[in-house]
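Thanks for asking me to look this one over. Here are my notes, in numbered points, to read alongside the model.

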Amino acid sequence: MIFSRREKLSALSIGVRDLPVAVGLLRPGNLYAVGVRNAQARRLLIANTASRALQQGAKVAIISAQPADQVEFLLALDAEVDRAVEAGSLCFFSQLEDYAVKLERHGADRFLTELEDSGLQAGTLLLLDGANRLFSGHDRVKASTQARLYCDWFRGRRMIGIFCFADFSLPESAANRLKNLGDIFSGKSELKSDQGRFIWDVTYWETENGVVRGREFGVYCDPSGKHLVANGLEIDTMAQSLIKAPDERRVILTAHALDMSVHIPEGWKVVAGYAEILAAACDTIAATIVLHFERHEEFQELAYVVHSLRMVAGRGIKLIVWEKGERLRYSQASLLTGLGVNLVLYKEQGMSKLLLAIEDLQGVCFIHCLEQDFESAVKAATPMVKGGYLPPKAFGNAVSLALNQRTSMQHVLVCLRLSPEIAHIDALLACRIERPGDFLSADETQVYLFLFGCPESDIDTILDRIMALPVEELFLEQARYTSRELIAKIVDDFVARAEHQAFTDFSLQLRKPESKAAPSTEKLALENPTEDQTRHRESANGTMAAPRCAPGGKRSIAPCCLLLRKAIFRP
């Protein structure tokens with residue numbers, strides 16, 4: 001098939017409205033890899049991309065295992081689908097039974113031969129759902145060869161291809177192996193659920209002026225359920241910082257968080273309470289939200305609201321909790337941090353400190369994954385091991401459990417080298433561990449102290465509180481580690497040495513009389529959430545309703561080779 005080199009073909013765009021052109025541009029002769037785990041979102045992205053291409057006058061081909069479902073999405077978007085099919089601008093191909101097995105047997109060449117025989121023209125946009133099955137899931141070298149073969153085919157025919165994968169992160173899948181293929185495709189991105197919304201996560205994307213790497217863009221589904229729209233949020237994933245957002249200077253706070261005699265800066269929005277702030281946060285992207293804490297009886301509700309805000313508004317918002325009555329317990333502050341709070345202000349800190357905190361949080365984003373279910377999120381942020389002394393192997397297991405929990409909390413390992421005149425047992429007895437999740441152990445020369453959910457700025461305060469004597473009277477020196485990788489390496493080395501050396505187990509000497517256990521922090525979940533809280537919990541699930549079908553009911557696809565069959569569209 002020969003095409004004129006003089007024919008100018010237009011670039012197209014991915015189906016996300018208001019997305020920066022550079023990270024959604026589809027250029028002729030290029031093949032792009034896009035991952036979307038949510039099946040409804042994947043079909044919606046394909047339908048919107050196809051619709052935009054048709055509006056630009058391009059020809060579109062869609063390959064799917066269920067082309068009839070894809071037609072329904074297109075019908076909800078574009079009333080000219082019938083005309084586009086009749087004019088030959090839009091066509092569908094269905095993937096036949098045992099498609100993946102046959103492809104593995106006959107190879108990528110057979111797939112490309114059938115595409116060649118279909119008569120697709122230069123400049124055509126080919127959207128393929130279920131691209132995982134086009135690649136070998138067991139041989140990375142073979143998968144790389146297949147990827148290069150597909151890219152060469154699209155380049156030679158000056159067509160635009162989008163291979164849609166169900167998931168880039170499924171273990172042992174072909175898509176997972178594509179992570180290691182380098183920059184073979186012209187672009188690789190993923191439309192990911194982001195705590196109630198979506199993120200267009202760009203691994204790399206080739207543009208006319210270079211390559212964009214490591215960017216995330218906020219995306220939401222519009223009220224009609226038909227369109228994906230960028231909301232203006234942009235995050236640098238390499239620097240783990242927020243680049244821009246339309247409402248980053250916006251501040252929303254509860255009335256109880258402020259002394260009403262204090263002048264409120266212009267533009268700040270004050271709402272009555274937690275329920276009102278949840279409603280106000282629904283349209284926020286990167287605003288700062290200030291919540292009050294007055295009584296311990298309210299902590300359950302506060303924890304639920306913090307989690308709901310992250311689910312509703314995503315990672316761009318900044319959350320501050322300000323003590324206005326009773327003090328938060330350290331375990332409560334740690335839990336709030338694990339649920340998504342950026343900063344806790346103490347009751348003695350005034351308005352000037354709040355203003356400084358708001359300024360310092362500009363450009364900050366919440367980069368950690370958070371469980372969508374409140375109870376699961378609480379469990380992930382709750383220490384899994386009772387505090388106190390542990391022998392080396394148990395200490396290593398406890399640290400490993402803490403480090404593997406899905407939480408944004410920072411942990412600290414403090415290695416304290418003993419003074420020669422201080423006995424091990426005296427140093428250990430001087431460490432008064434009271435919080436669950438804080439524990440210690442010892443080798444022949446030093447004490448290992450692990451602090452669960454401890455910000456680096458609080459280390460000195462914590463050490464002063466738990467030590468019966470000044471640290472310098474008990475220990476010669478100390479080393480502090482906040483990197484999870486370094487903590488794991490040091491503790492693994494300690495445990496490995498303990499297997500070959502007879503480190504003393506001080507468990508019997510340090511054992512305390514058993515006392516009645518305190519209630520578990522995991523019971524924070526509200527047993528009877530309000531109607532509003534239930535609604536916000538449901539809205540946080542990240543599910544998307546299918547677009548409404550156009551009047552006239554379901555359209556049918558009648559089957560009209562070995563891998564692909566052209567589907568006949570019947571109005």
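1. Let's begin with the buried face of H6 in this predicted model. Its buried residues are Ala-143, Ser-144, Gln-146, Ala-147, Tyr-150, Cys-151, Trp-153 and Phe-154. As for what they pack against, the partners are helix H5 together with three strands: S3 (31–36), S6 (125–129) and S7 (160–165).

2. The length of H6 is a handy check. With 18 residues at 1.5 Å a residue, H6 should span 26 Å, and its end C-alpha atoms are indeed 26 Å apart, so the two values agree. Just after H6 comes Arg-158, which has a positive phi, near 55°.

3. Next, the pairing of H6 with H5. Helix H5 covers residues 108–117 and helix H6 residues 140–157; the two pack at an angle of about 20°, and their axes are 10 Å apart. Angles under 35 degrees count as roughly parallel, so H5 and H6 are roughly parallel to each other. Their crossing is right-handed.

4. Which residues make that contact? From H5 come Ala-108, Asp-109, Phe-111, Leu-112, Leu-115 and Glu-116, and they meet Gln-146, Leu-149, Tyr-150, Trp-153 and Arg-157 of H6. Sorted by class, the contact of H5 with H6 has 7 nonpolar, 1 polar and 3 charged residues. Gln-146, Tyr-150 and Trp-153 are worth finding on your screen: they take part in the contact with H5 and are also among the buried residues of H6.

5. You may also like to look at helix H1 (residues 39–55) and helix H2 (residues 67–77). Their axes come within 9 Å and cross at roughly 55°, which makes H1 oblique to H2. Here, too, the crossing is right-handed.

6. On the H1 side, the contact is made by Gln-40, Arg-43, Leu-44, Ile-46, Ala-47, Asn-48, Ala-50 and Ser-51, while H2 brings Asp-69, Gln-70, Phe-73, Leu-74 and Leu-77. By class, the contact of H1 with H2 has 7 nonpolar, 4 polar and 2 charged residues.

7. Finally, is Met-238 buried or exposed? This residue sits in the loop between strand S11 (228–236) and strand S12 (241–244). Exposed means over 50% relative accessible area; Met-238 has 62%, so Met-238 is exposed. Leaving aside residues up to four places away in sequence, Met-238 touches Arg-213 and Gly-214. Gly-214 is 24 residues from Met-238 along the chain, yet their C-alpha atoms are separated by 5.8 Å.

Terms used:
Residues numbered from 1 in each chain as written. Predicted model: local features only at pLDDT ≥ 70, side-chain atom pairs only at ≥ 80, totals over all residues. Heavy atoms only, no water. Axes fitted to C-alpha atoms, helices over the stretch in contact; angles between N-to-C directions. Helix = DSSP H or I, 4+ residues; strand = E, 2+ residues; numbered from the N terminus. Parallel < 35°, antiparallel > 145°, perpendicular 65-115°, else oblique. Left-handed = near helix turned anticlockwise from the far one by under 90°. Contact = heavy atoms within 4.5 Å. Nonpolar A, V, L, I, M, F, W, Y, C, P; charged D, E, K, R; others polar. Expected span 1.5 Å × (residues − 1). Buried < 20%, exposed > 50% of the residue type's maximum accessible area, 1.4 Å probe, protein only.
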